[in-house]
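Work through the following exercises with the model at hand, attempting each task before reading its solution.

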Amino acid sequence: MRLCHSIILFFLVTSTFGQHVQCLQQGMYEPESQEIFIQTREKTHLTVVIHVLHRTSIDSISDEQILSQIDVLNEDFNQLNDNFDGTPAVFKEVAASVDVQFCLADKDPDGNPTTGITRTKTNIDDIGLTEAYYQTNLGGIDAWDPSRYINIWVADLGNSSISGSGTFPDQADPPGKDGILMSFKFFGREGVAEEFYPHDLGRICVHEMGHYFGLPHTFGTIGNGCNDDDGFNDTPLQDDPSFACPDFPAADICTQNNGVMFMNFMDYTDDACMTMFTAEQKNRIHQTLNGPRSSLKDNLDNICIVQTETPPETKDWNFFPNPAKDEIILEDEQYTGEKMSIYDTQGQLVLWAKALQRKSQISLSALQAGIYYVHYKNSFKKLLIVE
Ligand SMILES: [Zn+2]
């Protein structure tokens, strides 16, 4: 569980811009090889469903905010987080990439296509503080089969000190509660979450996911001194939680010299301060995935569209806006008449176009709202189409 600390509100700035665009060749449903979606399963793929419980326009978070949380999970569990390099060298030696890949479900429990996001309107105040959130008949929404899906409920937790919670393996009571509960304020790093510094980078959910896989806090139980620990040899003994962002080294009564590992995702520091899991934490997660949560690995009928290799530098092309409604502008300084293809989450080609100008206008009017993948010049970018 994570508690909230000081919260500073930031104000969002919006901007407008004008664009000159050119028309181009465009078509629909052209048969094309889908081999580009063939992927290795080096990483353990885990299927996630996000249940948004909303009462107001503020807690009805955007798809973009949700996708940003999936991105954070995949970065932090694979040592791809931007701030990893800031880890002190002595702790970098024991840091590990957990090597799991989180994917939004694209098939629901009945096998129907889905975006992996459910949205439920509720009239219950602070529903996340009640037992209703995981029960449809009480005004929340039932979990999707917790043996196959990681259920994440995103709800209003009011002004309580709780920002999220995650159930340990085999400990959900009742079993339908198995999964993670998150405050909408601290979910992801875009949208509303941007206003909730210092927990505005999506790491509360990374921490709760750690609990879900069986990781205790680095400090054990609060107030239990130095003999009570997380049981891992590669995290130093630690008395109580660390807060804010201490300077390294941060010694306590249990550990001197290099001090405690306050940058571990299972401590209580600010999002920007957290950088790592350790090798023994990784082992515990994979023990859980080979033990009480092994059935999560069997949900293989869900296609997980991910990039299998480090993507080439893609700054030479881009499109905007994203999320988009009726059209996008594909921008490419070195256009050479190459084809841009848009795929849905099933891997089906749904639209193609050839870039014949530096800026090409592409109509999306034939596509429904949802998540898509734009393929151009050997790289993918995610596209969100909204109503
Ligand atoms: Zn916790």
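**Exercise 1. Place Asn 318 in the secondary structure, and decide whether it is buried or exposed, or in between.**

Asn 318 is found in strand E11, where strands (E, at least two residues) and helices (H or I, at least four) are DSSP runs numbered from the N terminus. The next step is to count neighbours: a residue is buried if 20 or more other C-beta atoms lie within 10 Å of its own, exposed if 12 or fewer, and partly exposed in between, with C-beta atoms placed from the backbone. Asn 318 counts as partly exposed because it has 15 C-beta neighbours inside 10 Å. As a last step, take Glu 333, which is 15 residues from Asn 318 in sequence and 9.7 Å away in space, C-alpha to C-alpha.

The model is a predicted one, in which local features need pLDDT of at least 70 and side-chain atom pairs count only at pLDDT 80 or more, while totals for chains, interfaces and linings use all residues. Residues are numbered from 1 along each chain as its sequence is written.

**Exercise 2. Determine how E11 is paired, and describe the sheet to which it belongs.**

Two strands pair if DSSP finds at least two bridges between them, and E11 is joined to E12 by four bridges, the two strands running antiparallel. Within this pairing, Trp 317 stands opposite Asp 332 in E12. Extending the search gives an open sheet of three strands with antiparallel pairing, in the order E11-E12-E15. E11 and strand E15 (359-363) are the edge strands, each pairing on one side only. From one strand to the next the twist averages 25°, with axes taken as lines fitted to C-alpha atoms and angles running from 0 to 180 degrees between N-to-C directions.

**Exercise 3. Find which residues have the most contacts inside the largest nonpolar core, and which elements supply that core.**

A nonpolar core is a set of buried Ala, Val, Leu, Ile, Met, Phe, Trp, Tyr and Cys residues joined through C-beta atoms within 7 Å. The largest has 65 residues, and those with the most contacts inside it are Val 48, Trp 153, Val 154, Ala 155 and Met 182. Several elements each supply at least two residues of this core, among them strand E3 (44-54), helix H1 (63-76) and strand E7 (150-155). The greatest contribution is that of E3, with six residues. Taking Val 48 as a worked case, and leaving aside its neighbours within four places in sequence, one finds it in contact (C-beta atoms, placed from the backbone, within 7 Å) with residues including Ile 70, Phe 102, Leu 104 and Ile 152. A second, separate core of 15 residues includes Ile 342, Ala 353, Ile 371 and Tyr 373.

**Exercise 4. Identify where the backbone has cis peptide bonds, and which residues other than glycine have a positive phi.**

Begin with omega: a cis peptide bond with omega of about -5° joins Asp 173 and Pro 174, and Pro 174 is found in the loop between strand E8 (162-166) and strand E9 (180-183). Another cis peptide bond joins Phe 320 and Pro 321, with omega about -5°, and Pro 321 lies in the loop between strand E11 (317-320) and strand E12 (327-332).

Turning to phi, Ala 244 has a positive value of about 55° although it is not a glycine, and Asn 257, likewise not a glycine, has a phi near 55°. Ala 244 lies in the loop between helix H3 (203-212) and strand E10 (277-278), and Asn 257 is placed in the loop between H3 and E10. Ala 244 counts as exposed because it has 12 C-beta neighbours inside 10 Å, and Asn 257 counts as exposed because it has 8.

Definitions and conventions. Contact = placed C-beta atoms within 7 Å.
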